[in-house]
Amino acid sequence: MTVNLAKGQGISLEKGDGGALTAVRMGLGWQAAPRKRGLLSGLMRPREIDLDASAVLFSGKKSVDVVFFQHLTSNDGSIRHTGDNLVGGAGQGDDDESILVDLQRVPAHVDQIVFTVNSFTGQTFQEVQNAFCRLVDETTGQELARHTLAGGGPYTAQIMAKVHRADGGWRMTALGTPAQGRTFQDLVPAILPLL
């Protein structure tokens, strides 16, 4: 059963039987919004939008590693990006980009993993529709949580969610915070207050 998370809401990443999840996938999906041509001419075909998913690993308030389209695997091998999608729109509700996290292999000093999405080509989220991030139990394929972006805005990035250590396990919190930046490096100053 999927939990639809609003901004700021969180869930424990514990299985219904009390066991802990061992591997999760953060999936990101989006579509380009149709563009208007003119007052009477209707809508134009949407142009391609290149959004990029990243996972920034933190130890306290210090970024210690990152997984993104130019660094597909974390230095310790616990987190892996499945590859860059340059256009989005893989399908209704399907993931356009995914980041796999082996929770058991994440080093003990990493206490938070922040998932971001940014428009590498600089288009704003006003040009994006049906954007979401979702957390899936990679072992069973069951969707655990979903955060859907409501409405576009004049920003080029979103700090989507974080997975963080809590009470000996892991917890996911939906962040949904707009930001400006074409790469994850641009977003770090906006991420820090959310840790």
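In the predicted model, the lining of the second largest cavity consists of 4 nonpolar, 3 polar and 2 charged residues. The space enclosed there amounts to about 30 Å³. The residues along its wall are D52, S54, F68, F69, N118, F120, R182, T183 and F184. This space belongs to a set of 2 cavities of 30 Å³ or more in the structure.

The largest cavity holds about 60 Å³ of space. It is lined by 13 residues, of which M26, L28, A53, F115 and T116 are the closest to its centre. Several strands contribute to this wall: at least two lining residues each are supplied by strand 3 (23-32), strand 6 (51-59), strand 9 (97-102) and strand 10 (112-119). In terms of residue class, the lining comprises 8 nonpolar, 4 polar and 1 charged residues.

An open space was also identified. The largest pocket has a volume of about 210 Å³. Its lining is made up of 14 residues, and those closest to the centre are L13, A166, G168, G169 and W170. Strand 14 (residues 169-179) provides the largest share of this lining, with 3 residues. Classification of the pocket lining gives 6 nonpolar, 5 polar and 3 charged residues.

These spaces occur in a chain of 195 residues, 48% of which are buried. The secondary structure consists of 1 helix and 14 strands. Among contacts with a separation of 6 or more, 69% join residues 24 or more positions apart. The chain exposes about 9,200 Å², and 51% of this area is supplied by carbon and sulfur atoms.

Two individual residues illustrate how parts of the chain that are separated in sequence come into contact. The first to be considered is Q112, which is found in strand 10. Its relative accessible area is 10%, and Q112 is therefore classed as buried, since the cut-off for that class is under 20%. The side chain of Q112 forms a polar contact with the side chain of K162, at 3.3 Å. Apart from residues up to four places away in sequence, Q112 touches V56, L57, F58, G60, K162, V163, H164 and L195. K162 thus appears both as the partner in the polar contact and among the residues touched by Q112.

The second residue is V106, which lies outside the strands, in the loop between strand 9 and strand 10. V106 is nevertheless buried, because its relative accessible area of 6% falls under 20%. When neighbours within four places in sequence are left aside, the contacts of V106 are with S78, V101, I113, R165 and W170. One of these partners, W170, is also among the residues closest to the centre of the largest pocket. A further spatial relation concerns L57: this residue and V106 are 49 residues apart along the chain, and their C-alpha atoms are separated by 9.5 Å. L57 is also one of the residues touched by Q112.

Methods:
Residues are numbered from 1 along each chain as its sequence is written. This is a predicted model: local features need pLDDT of at least 70, side-chain atom pairs count only at pLDDT 80 or more; totals for chains, interfaces and linings use all residues. Side-chain values use heavy atoms; hydrogens and water are left out. Helices (H or I, at least four residues) and strands (E, at least two) are DSSP runs, numbered from the N terminus. Buried means under 20% relative accessible area, exposed over 50%, partly exposed in between (1.4 Å probe, protein chains only). Contact means heavy atoms within 4.5 Å. Accessible areas come from the Shrake-Rupley method with a 1.4 Å probe; for residues, only the protein chains shown count as cover. On a 1 Å grid over the protein atoms alone, a cavity is a set of points where a 1.4 Å probe fits but cannot get out, and a pocket is an open set with protein on both sides within 12 Å along at least five of seven lines; lining residues have an atom within 4 Å of a point. Grid points are joined across faces, edges and corners, and a volume is the space filled by probe spheres set on the points. Ala, Val, Leu, Ile, Met, Phe, Trp, Tyr, Cys and Pro count as nonpolar, Asp, Glu, Lys and Arg as charged, and the others, Gly among them, as polar. A polar contact is a pair of N or O atoms within 3.5 Å; within protein, one must be able to donate a hydrogen and the other to accept it, and residues adjacent in sequence count only if both atoms are side-chain atoms.
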